[in-house]
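The following note is offered to a colleague who is opening this entry for the first time. Its points are numbered and may be read alongside the sequence and the structure.

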Amino acid sequence: MGKVIGIDYGMARVGLAVSDDSSIMAFPLKCIGALKDHKKTAEAIIKETEASNVDSFVIGLPLLMSGKDSDMTREVRTFTKTLEEVSGKKVALWDERLTSKEIEKLLIEGDMKRKKRSKFIDTLSATLILQSYLDSQKQLQI
């Protein structure tokens, strides 16, 4: 499968994570600010990850609990198309329901203050999205 970048896309911030070369483990990479339009944000992601020799991307898809699309779900689907066009690489969508809540709960349990949590939540969410995706791909190979 090669190296994969995990993305937690948001209107203000975009969390990034990266897999190891074997696509077994996900690691936090960084958080960048979302830019004025999808193309500029996609270009910023590519610039931040070009040293990683990326083979593909996976983006968290924020479905409603019912499984239906929301305005943000449609925004992510549109961004996904832009990232595919700009990068020329495969971009997968991955259900991210409750990912941010799970990360926030863990950080609260770790007694991290709200201000400090906000610095980590997007990157850790991207890491959880990516790890979940990588684990599912391993299951498909068995």
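**Note on the sheet, its helices and its cores**

1. The hairpin of β2 and β3 has six residues between its strands, and within it Ser 23 takes a positive phi near 55°. The model is a predicted one, and this applies to every point below. Ser 23 lies in the loop between β2 and β3 and has this positive phi although it is not a glycine. As a general matter, most residues other than glycine have a negative phi. With a relative accessible area of 3%, Ser 23 is buried.

2. A second residue with a positive phi invites attention. Asn 53 has a phi of about 50° and is likewise not a glycine. Asn 53 is placed in the loop between α1 and β4. Is Asn 53 buried or exposed? Asn 53 has a relative accessible area of 60%, which is over the 50% cut-off, and Asn 53 is therefore exposed.

3. The sheet may be taken next. Five strands form an open sheet in the order β3-β2-β1-β4-β5, and their pairing is mixed. Its edge strands, each paired on one side only, are β3 (26–33) and β5 (90–95). On average, and with direction ignored, neighbouring strands of the sheet are turned by 25° against each other. Helix α2 (residues 71–87) packs on the sheet, where it touches β1, β4 (56–61) and β5. The direction of α2 makes about 170° with that of β4.

4. The pairing of the strands on either side of β2 deserves a closer reading. Strands of a sheet pair through backbone hydrogen bonds, either parallel or antiparallel. Strand β1 (residues 4–9) pairs with strand β2 (residues 13–19) in the antiparallel sense, over five bridges. These two strands form a hairpin with three residues between them. Ile 7 has Leu 16 of β2 as its bridge partner, while Ile 5 has Val 18 of β2.

5. On the other side, β2 and β3 run antiparallel and are joined by seven bridges. Val 18 stands opposite Phe 27 in β3. Six of the seven residues of β2 are buried, so this strand is largely enclosed by the rest of the structure.

6. Val 4 links the first strand to the loop described in point 1. Val 4 is found in strand β1 and has 0% relative accessibility, so it counts as buried. The C-alpha atoms of Val 4 and Ser 23 are separated by 6.7 Å, although the two residues are 19 residues apart along the chain. Leaving aside residues up to four places away in sequence, the residues touched by Val 4 include Ser 23, Val 18, Phe 57, Leu 130, Tyr 133 and Leu 134.

7. Which residues touch the most other members of the largest nonpolar core? Of its 20 residues, these are Ile 7, Val 14, Ile 45, Phe 57, Ile 59 and Leu 83. At least two residues of this core are supplied by each of β1, β2, α1 (38–49), β4 and α2. A second core, separate from this one, has nine residues, including Ala 26, Leu 130, Tyr 133 and Leu 134.

8. Val 14 illustrates the surroundings of one member of the largest nonpolar core. Not counting residues up to four places away in sequence, Val 14 touches Ile 7, Asp 8, Tyr 9, Lys 30, Cys 31, Ile 32, Ala 34, Thr 41 and Ile 45.

9. The two helices should be considered together. α1 and α2 pack with their axes 9 Å apart and at an angle of about 55°, and they are therefore oblique to each other. The crossing in which α1 passes α2 is right-handed. On the side of α1, the contact is made by His 38, Lys 39, Thr 41, Ala 42, Glu 43, Ile 45 and Ile 46. On the side of α2, the residues are Glu 75, Thr 78, Phe 79, Thr 82, Leu 83, Val 86 and Ser 87. Ile 45 and Leu 83, named in this contact, are also among the residues that touch the most other members of the largest core.

Conventions: Residues are numbered from 1 along each chain as its sequence is written. This is a predicted model: local features need pLDDT of at least 70, side-chain atom pairs count only at pLDDT 80 or more; totals for chains, interfaces and linings use all residues. Side-chain values use heavy atoms; hydrogens and water are left out. Two strands pair if DSSP finds at least two bridges between them. Helices (H or I, at least four residues) and strands (E, at least two) are DSSP runs, numbered from the N terminus. Axes are lines fitted to C-alpha atoms, for helices over the stretch in contact, and angles run from 0 to 180 degrees between N-to-C directions. Contact means heavy atoms within 4.5 Å. A nonpolar core is a set of buried Ala, Val, Leu, Ile, Met, Phe, Trp, Tyr and Cys residues joined through side-chain atoms within 4.5 Å. Buried means under 20% relative accessible area, exposed over 50%, partly exposed in between (1.4 Å probe, protein chains only). Angles under 35 degrees count as roughly parallel, over 145 as roughly antiparallel, 65 to 115 as roughly perpendicular and the rest as oblique. A crossing is left-handed if the near helix is turned anticlockwise from the far one by less than a right angle, and right-handed if clockwise.
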